[in-house]
Amino acid sequence: MTPAHFTFSSAFALGLMGLAFHRTHLLSALLSLEMMLTLFIALSLWTLQLNSTSFSTSPMLLLAFSACEASTGLALLVATARTHGTDRLQSLNLLQC
Amino acid sequence: MSPFILSILLLGLGLGTTITFASSHWLLAWMGLENNTLAIIPLMAQHHHPRAAEATTKYFLTQATAAAMLLFATTSNAWLSGQWHILQMNHPLPTTLITLALALKIGLAPMHAWLPEVLQGLNLTTGLILSTWQKLAPFALLLQVQQTNPALTIMLGITSMLIGGWAGLNQTQLRKILAYSSIAHLGWMLIVIQFSPSLALLTLLLYFIMTSSAFLSFKLNNTTNINSLATSWAKMPTLTSLAPLILLSLAGLPPLTGFMPKWLIIQELTKQGLAPTATLAALSALLSLYFYLRLAYAMTLTISPNNLTGTTPWRLPSNQLTLPLAASVTATNFLLPLSPPILSLLTP
């Protein structure tokens, strides 16, 4: 395991743990979902290390999809704020039983 | 919803699954999965209802987490072994992570808690898409990953079957019952996936047929809980008499189609020397049988109080298309005699 691999693995694990254990606001969950950006760094470093030109678009593709996902998340934040009146995840309890 | 936007979203759903099917590179497979998720979210949130918004949010959070985990596992695999190909996964850590991420995506038992709540917040058409088409792409990836540790899939399968059976017992809402039935059926597929992938695929396809006929018949009756099932005799007498056969086919009783996958899976498990696992699987089907039987009892086996005006609704024509329902109900009930040709079609 190289130092770069360790760094992005631990950053991703921290993001995942933040998503799993810090569950007060929807906005903080969406912020934790930005752990996808560590994967951007990982893909860029992989491309740089291997000097592979054909793979160099993949960080950009990842960034595009990550931006789409972030915007969907913010749209859902607006939708839940309008229907529930708050962005606390505690209030998303209409469907459980 | 405007028909142009609807057609774009449906084409996006088709495109995502097609990209995942056609890819041999993990990044492209991940892009297909993301495409699938992003295309169904407007369909889920199209009714501006609190429950729809909540279900969409929950679905989005779980699917985004699962997709990020999948891409993290594949990137780790590339760093460890230099491979991006789907079929060449050798390292045990990325393989386990990928299996868990895909299990979260399709809602297998330790990661199943989102599925009943999300399905409860949707209408029956979107629920049908969610429980059939959305499962295809992750399942295709799950079939291609070579499992390094056989205990993982067997444990996932057994917990899914048991939890799907136990948790469904307490429900009165049809969509939650169908969600737990989906969890239990996916458990049956996972238990056999490493011994015979083609058998798991056969089980998935037959589950699609059976669950579509259940969803479509509930949609024709406009029912979402057990109580309103009891008045379905007034709307559709023929469908009411066929519905217990659909439910018992989902439960897997012998003369119906649902018996075929369970029979073949138990045979395959016994052939592999896993008799205790096969026994546990067969016994867990009894748990599911209980709630299917309760649905059939509420719908057909009791005679509801009858008055003259109550008998008229079935004479009024319904404007819903009934051809898909007729085809899927026929396939749900009468496919068992065709099991040898179907089996030879799928097994190499």
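**Entry 1: the contact between the chains**

I began with the contact, counted as heavy atoms within 4.5 Å, and found that 39 residues of chain A and 37 residues of chain B take part. I note that this is a predicted model, in which local features need pLDDT of at least 70, side-chain atom pairs count only at pLDDT 80 or more, and totals for chains, interfaces and linings use all residues. I also note that residues are numbered from 1 along each chain as its sequence is written, that chains are lettered from A in the order in which they are written, and that side-chain values use heavy atoms, with hydrogens and water left out.

**Entry 2: buried area**

The size of an interface is often given as the accessible area lost when the parts come together. I looked up the buried area (the accessible area, with a 1.4 Å probe, that two parts lose on being put together, summed over both). Chain A and chain B bury about 3,400 Å² between them, and 80% of this lies on carbon and sulfur atoms. On chain B, I found that B:E54, B:F72 and B:W79 supply 22% of the area buried against chain A, more than any other three residues.

**Entry 3: polar links**

I searched the interface of chain B and chain A for salt bridges (a side-chain nitrogen of Lys or Arg within 4 Å of a carboxyl oxygen of Asp or Glu), and the rule finds zero. I then looked up polar contacts (a pair of N or O atoms within 3.5 Å, one able to donate a hydrogen and the other to accept it; residues adjacent in sequence count only if both atoms are side-chain atoms). Between the two chains, eight residue pairs are in polar contact, both residues at pLDDT 80 or more.

**Entry 4: the side of chain B**

I took helices as DSSP runs (H or I, at least four residues), numbered from the N terminus. In chain B, α2 (26-44), α3 (50-81) and α5 (114-120) each supply at least two residues of the side that touches chain A. The most comes from α3(B), with 21 residues.

**Entry 5: aromatic rings**

I looked up aromatic pairs (rings of Phe, Tyr and Trp, the last by its six-membered ring, with centres within 6.5 Å; planes under 30 degrees apart are stacked, over 60 edge-to-face, the rest tilted). There are 11 over all chains. The ring centres of A:F8 and B:F72 lie 6.1 Å apart with planes at 85°, so this pair is edge-to-face. The pair crosses between chains, from helix α1 (residues 3-21) of chain A to helix α3 of chain B. A:F8 is buried (under 20% relative accessible area, 1.4 Å probe, protein chains only), at 5%. B:F72 is also buried, at 10%. Ring pairs link A:F8, A:F12, B:F72 and B:W79 into a cluster.

Key:
Buried < 20%, exposed > 50% of the residue type's maximum accessible area, 1.4 Å probe, protein only.
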